[in-house]
Amino acid sequence: MTDFCPSENIYNLIPRDEVTVPKASRYTSTFREQVKQEAQKNKCSNKTMGPAKVEVPCPKDYLQKHSKELKMQEKKTERCVVDEKRKPAVPRRTEQPIMGVQTKKNFITTNATEAILGVPKKPEHIFVDSRKGDKHPLETSGLVPKYIKRKDYGVTPEYICKRKEEVIRAQEEYDNYVRERLRQGAMKQLSEEERTSVLEGLKKNWDELHHEYQGLSVVIDTPPKKIHKERLEAQMRQLERDIELIERHRIIYIAN
């Protein structure tokens, strides 16, 4: 109402009673007394200042250098071994030597006997292969002819003999088969004159084809020219194979 009406309003002329709002009571925890008792129970007089009586450090026990480093424990066994191996001290100049003491072994006589009865050491066989004197053992170099003294030196190995026998046996079987076929009339052997004439004819045909091949035009740009060139090359190649076959084999059989 006061927001919409000005202060000088007829309704404001009548005095009003001030309404006082009662203040709420202060909050009190139900565990207040319990907390007080626990605080008194755990509290001590020297909690923040340390214990009342502390031992005063001695001035002689100050921190020394390398005092906190780890040190390896020395083995006692090593000391005992070193003491046992240690030789006796050298006698002094004023000490008198003990007379009449002899050792158990006469080293002079023993060494002389071993030198007299010992077998002399044989020199090692070596060879030198450079002007600087590089030495190498002679036994494993292959220069010593020690293999000629073996019992089987110069003897043909068994596997070569067996292989040679197998080749001879196969050739005999083939010859027998050829004779049998010739006897039956199924094959005919080509004579040397016929073989020579056939070979000369093949060579003559190859020369004619080669002459014709050399007469082809340089530029081959049409399909008929390409086909003709390929046909000539195939015929010459076949004639070369036939000539090589006849020249390689001296005996030729022809089936009837």
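**Entry 1: order of elements**

I read the secondary structure along the sequence and noted the pattern α-α-α-β-β-α-β-α-α-β. I counted six helices and four strands in the chain. The model is a predicted one, and I keep that in view throughout these entries.

**Entry 2: burial and contacts of the whole chain**

I then asked what share of the 256 residues is buried. Buried residues come to 5% of the chain. For the surface, I recorded an exposed area of about 26,600 Å², with 56% of that area supplied by carbon and sulfur atoms. I also looked up sequence separation: among contacts between residues at least 6 apart in sequence, 51% join residues at least 24 apart.

**Entry 3: Arg 195**

I turned next to a single residue, Arg 195, and located it in helix α5, which spans residues 192-214. Is Arg 195 buried or exposed? Its relative accessibility is 5%, and Arg 195 is classed as buried because the cut-off for that class is under 20%.

I listed the contacts of Arg 195, leaving aside neighbours within four places in sequence. The list holds Leu 190, Ile 246, Glu 247, His 249, Arg 250 and Ile 252. Closer along the chain, I found a polar contact between the side chains of Arg 195 and Glu 192, at 3.3 Å.

**Entry 4: salt bridges**

How many salt bridges does the whole structure contain? My search of the structure returned seven. As background, side chains of opposite charge can pair when their charged atoms come close.

I looked at Glu 139 and Lys 146, which form one salt bridge, with 3.4 Å between the closest N and O atoms. Lys 146 has a relative accessible area of 36% and is therefore partly exposed.

I examined the pair Arg 150 and Asp 152, whose side chains meet in a salt bridge at 3.5 Å, N to O. Arg 150 counts as partly exposed at 46% relative accessibility. Asp 152 falls in the partly exposed class too, at 44%.

I also checked Arg 248 and Glu 244, where the salt bridge has its closest N and O atoms 3.9 Å apart. Both residues sit in helix α6 (residues 223-248), and their separation of four residues is about one turn of the helix. Finally, I traced salt bridges that share partners, and these join Glu 192, Arg 195 and Arg 250 into one network. Arg 195 thus appears again: Arg 250 is among its listed contacts, and Glu 192 is its partner in the polar contact.

**Entry 5: cysteines**

I searched for disulfides and found zero in the structure. A disulfide is a covalent bond between the sulfur atoms of two cysteines. I looked up the accessibility of two cysteines as well. Cys 58 is at 40% relative accessibility and counts as partly exposed. Cys 161, with a relative accessible area of 34%, is also partly exposed.

**Entry 6: a nonpolar patch**

Which residues form a nonpolar patch on the surface? I noted Ile 10, Tyr 11, Leu 13 and Ile 14, which together have about 520 Å² of accessible area. I placed Ile 10 in the segment before α1, the helix of residues 32-42. The relative accessible area of Ile 10 is 60%, so I recorded Ile 10 as exposed, the cut-off for that class being over 50%.

Technical notes:
Residues numbered from 1 in each chain as written. Predicted model: local features only at pLDDT ≥ 70, side-chain atom pairs only at ≥ 80, totals over all residues. Heavy atoms only, no water. Patch = residues over 30% accessible without salt bridge, like charges linked within 9 Å, V, L, I, M, F, W, Y side chains within 5 Å. Areas by Shrake-Rupley, 256 points an atom, 1.4 Å probe, with all protein chains shown as cover. Salt bridge = Lys/Arg side-chain N within 4 Å of Asp/Glu carboxyl O. Helix = DSSP H or I, 4+ residues; strand = E, 2+ residues; numbered from the N terminus. Buried < 20%, exposed > 50% of the residue type's maximum accessible area, 1.4 Å probe, protein only. Contact = heavy atoms within 4.5 Å. Polar contact = N/O pair within 3.5 Å; in protein donor to acceptor, adjacent residues only side chain to side chain. Disulfide = S-S within 2.5 Å.
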